[in-house]
Amino acid sequence: QVQLVESGGGLVQAGESLRLSCAASGFSVRLNYMEWYCQAPGKQRELVARIFSGGDTNYANSVKGRFTASRDNTKNTVYLQINSLKPDDTGVYYCRAPDHNAWGQGTQVTVSS
């Protein structure tokens, strides 16, 4: 059974950092590309980062330079490091495994100014 479980969100002040985790089960993250999305309050879910099976990454223009996607194959987990957090980064962050049509339940990030 394919499952994704996010964690690591919280309430932080602007300028701080967070690392979000997405633990996968039922498939190998090493062999799949994975995505991170953010759904801000009242807005549609938006793609912010991808990490491909070969390790390459790409990012939405709005987060380049502050967001870093990575992967730990031994833990079957992908991560999203977010630095210099801004109030506009507030939202629920989801990971997705497109090839398995799977979404996690999301983790809330709230950034206060």
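User: I'm looking at this model and would like to start with its largest pocket. What is the volume of the largest pocket?

Analyst: Happy to help! Rolling a probe the size of a water molecule over the atoms shows where empty space is left. In this predicted model, the largest pocket comes out at a volume of about 270 Å³.

User: Which residues are closest to the centre of that pocket?

Analyst: The lining has 14 residues, and Cys38, Glu46, Ser62, Asp88 and Asp89 are the closest to the centre of the pocket. By character, the lining of the largest pocket splits into six nonpolar, six charged and two polar residues.

User: Now the interior. How should I read a nonpolar core, and which residues touch the most other members in the largest nonpolar core?

Analyst: In soluble globular proteins, nonpolar side chains tend to be buried together. Here the largest nonpolar core holds 28 residues, and those touching the most other members are Leu4, Met34, Trp36, Val48, Phe67, Leu80 and Tyr93. Several strands give two or more residues to this core, among them β4 (34–39), β5 (45–51) and β9 (91–97). The largest share, four residues, is supplied by β3.

User: Let me zoom in on Phe67. Leaving aside its neighbours within four places in sequence, what is Phe67 in contact with?

Analyst: Once those neighbours are set aside, Phe67 is in contact with Val48, Tyr59, Leu80, Gln81, Ile82, Asp89 and Tyr93. One of these contacts, Ile82, is also the residue in β8 that stands opposite Phe67.

User: So there is strand pairing there. In which sense do β7 and β8 pair?

Analyst: β7 and β8 are antiparallel partners, with six bridges between them. They form a hairpin with four residues between the strands, where Asn76 takes a positive phi near 50 degrees.

User: Which other residues have a positive phi without being glycine?

Analyst: Two to look at are Ser84, with phi near 50 degrees, and Asn101, with phi of about 50 degrees. Ser84 is in the loop between β8 and β9, while Asn101 is in the loop between β9 and β10 (102–103). Their accessibility can be read as well: Ser84 has a relative accessible area of 42%, so it is partly exposed. Asn101 counts as exposed because its relative accessibility is 61%.

User: Back to strands. What does β3 pair with?

Analyst: β3 runs antiparallel to β1 (residues 3–7), joined by five bridges, and antiparallel to β8, joined by six bridges. To find these pairings by eye, try Gln3, whose bridge partner in β3 is Ser25. For the other pairing, look at Ser21, which stands opposite Tyr79 in β8.

User: How do I read the side chains along a strand, and which residues of β11 are buried?

Analyst: In a regular strand the side chains alternate between the two faces of the sheet. β11 shows such an alternation: Thr107, Val109 and Val111 point to one face and are buried, whereas Gln108, Thr110 and Ser112 point to the other and are not buried.

User: Which strands does β11 pair with, and in what sense, parallel or antiparallel?

Analyst: You can find both senses here. β2 (residues 10–13) runs parallel to β11, with four bridges joining them, and Leu11 stands opposite Thr110. β9 pairs with β11 in the antiparallel sense over three bridges, and Gly91 has Val109 as its bridge partner.

User: What about loops? Are Leu31 and Val63 buried or exposed?

Analyst: Buried means under 20% relative accessible area, and exposed means over 50%. Leu31, in the loop between β3 and β4, has 56% relative accessibility, so it counts as exposed. Val63, in the loop between β6 (57–59) and β7, counts as buried because its value is 4%.

User: How far apart in space are Leu31 and Ser53?

Analyst: Their C-alpha atoms are 5.2 Å apart, with their positions 22 residues apart in sequence. For Val63 and Val12, 51 residues apart along the chain, the C-alpha separation is 17 Å.

User: One last stop: where is Gly26 found, and what is Gly26 in contact with?

Analyst: Gly26 is found in the loop between β3 and β4, and it is exposed, with a relative accessible area of 57%. Leaving aside neighbours within four places in sequence, Gly26 is in contact with Gln1 and Val2.

Notes:
Residues numbered from 1 in each chain as written. Predicted model: local features only at pLDDT ≥ 70, side-chain atom pairs only at ≥ 80, totals over all residues. Heavy atoms only, no water. Core = buried A, V, L, I, M, F, W, Y, C linked by side-chain atoms within 4.5 Å. Buried < 20%, exposed > 50% of the residue type's maximum accessible area, 1.4 Å probe, protein only. Contact = heavy atoms within 4.5 Å. 1 Å grid on protein atoms, 1.4 Å probe; cavity = no way out; pocket = protein on both sides within 12 Å on 5 of 7 lines; lining within 4 Å. Points joined across faces, edges and corners; volume = space filled by probe spheres on them. Nonpolar A, V, L, I, M, F, W, Y, C, P; charged D, E, K, R; others polar. Pairing = 2+ DSSP bridges.
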